[in-house]
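This report describes one protein model, residue by residue and sheet by sheet. The sequence and structure are shown first.

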Amino acid sequence: MEGFTAEGAEVAETRRVAERKRNREGADGADEILKEGVEEGPRKEQAVCFGRGEGEVGGDGALPGWDHLAYSIVMRRFLRSLAWILALSLGGLTASAHEDVVLELKEGKLVVSAEDAADMKVPAEYLPMEYDAATHRVRIGKHVMKMIPYFTSLFPENGKYKIHFSASWYHDLDTLPPYLLIRIEPEGRQYNYHLLLNMKDLSVIQMEVALELGDGGTRYLPVDLSMVEKEMKESIKPVEEK
């Protein structure tokens, strides 16, 4: 019969015994048997569910099976945390070994055409890659962006700075989209700017300031761009096909 269990049969039998006792001895004795049987039945069923024997329900009503369950939960959480730690550690090792493709700026312009990209194996969707230092115009594939005033203010007015480009489209794309990194280094300063662009749509992934520390190290400070988010989105346009 559907839904039939040994525990259910035991409870049903308890009810029948109580009914017979009610007929013989009155309601008080029957109710006591009924209460004991009905309450004990589900507790036994719970004990079986957690892998405990039928005689292992504690005298205070607690199930020893809960200790086993708690231990299992703690172990699962521990193993899950350990897996995350290992993943992050391996990710860090991979990131440190990864190298971007360096892109060269010639006569104030960066132009990576299909012919130039053959050796670098750049996917066609990211071509051409262009940058014009005079207008601060960036193009990747079918998207173009003219840098907003917030970004152009990073360039010294005296023109004394260096700019570097690198890109990656062959790393783990689940952790970071394909990107173009623009580094702006003002001359004579102990800091430089890093602007990370998504190669798929030219959206800004992140901007940070790299501070050169006295001990030879570098500290990276992320910049909050929420105040110019709308302006950044409006600066990106699809390329008009001729």
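## Surroundings of A210

In this predicted model, A210 touches Q190, Y191, N192, H194, T218, R219 and Y220, neighbours within four places in sequence being left aside; contact here means heavy atoms within 4.5 Å. A210 lies in strand 9, where strands (E, at least two residues) and helices (H or I, at least four residues) are DSSP runs numbered from the N terminus. With a relative accessible area of 2%, A210 is buried. Buried denotes under 20% relative accessible area, exposed over 50%, and partly exposed the range in between (1.4 Å probe, protein chains only).

One of the contacts of A210, N192, is 18 residues away in sequence, and the C-alpha atoms of the two residues are 5.4 Å apart.

## Basis of the values

Residue numbers start from 1 along each chain as its sequence is written, and side-chain values rest on heavy atoms, without hydrogens or water. As the model is predicted, local features require pLDDT of at least 70 and side-chain atom pairs count only at pLDDT 80 or more, whereas totals for chains, interfaces and linings use all residues.

## The six-stranded sheet

Strand 9 belongs to an open sheet of six strands, ordered 1-6-7-8-9-10 with antiparallel pairing; two strands pair if DSSP finds at least two bridges between them. Strand 1 and strand 10 (218-222) stand at the edges with a single partner strand each, so one side of each has no neighbour in the sheet. On average, neighbouring strands of this sheet are turned by 25 degrees against each other, direction ignored; the axes are lines fitted to C-alpha atoms, and angles run from 0 to 180 degrees between N-to-C directions.

Strand 7 and strand 8 run antiparallel and are joined by six bridges. R183 stands opposite H194 of strand 8.

## S168 in strand 6

S168 is found in strand 6 and is buried, at 0% relative accessible area. The side chains of S168 and H171 are joined by a polar contact of 2.6 Å. Such a contact is a pair of N or O atoms within 3.5 Å; within protein, one must be able to donate a hydrogen and the other to accept it, and residues adjacent in sequence count only if both atoms are side-chain atoms. Beyond four places in sequence, S168 is in contact with H98, D100, P178, Y179 and M199.

## The five-stranded sheet and H136

A further open sheet has five strands in the order 2-3-4-5-11, paired antiparallel. Its edges are strand 2 and strand 11 (236-238), each with a single partner strand, so one side of each is left without a neighbour in the sheet. The average turn between neighbouring strands of this sheet is 15 degrees, direction ignored. Four bridges connect strand 2 to strand 3, and K109 has D132 in strand 3 as its bridge partner.

H136 is placed in the loop between strand 3 and strand 4 and counts as buried at 13% relative accessibility. Outside its neighbours within four places in sequence, H136 contacts Y131, M145, K146, M147, T152, F155 and Y161.

## Core and overall composition

The largest nonpolar core has 36 residues, and those with the most contacts inside it are L103, V138, M147, F151, L180 and I182. A nonpolar core is a set of buried Ala, Val, Leu, Ile, Met, Phe, Trp, Tyr and Cys residues joined through side-chain atoms within 4.5 Å. The contacts of V138 beyond four places in sequence include M147, L180 and I182.

The protein has five helices and eleven strands, and 29% of its 242 residues are buried.
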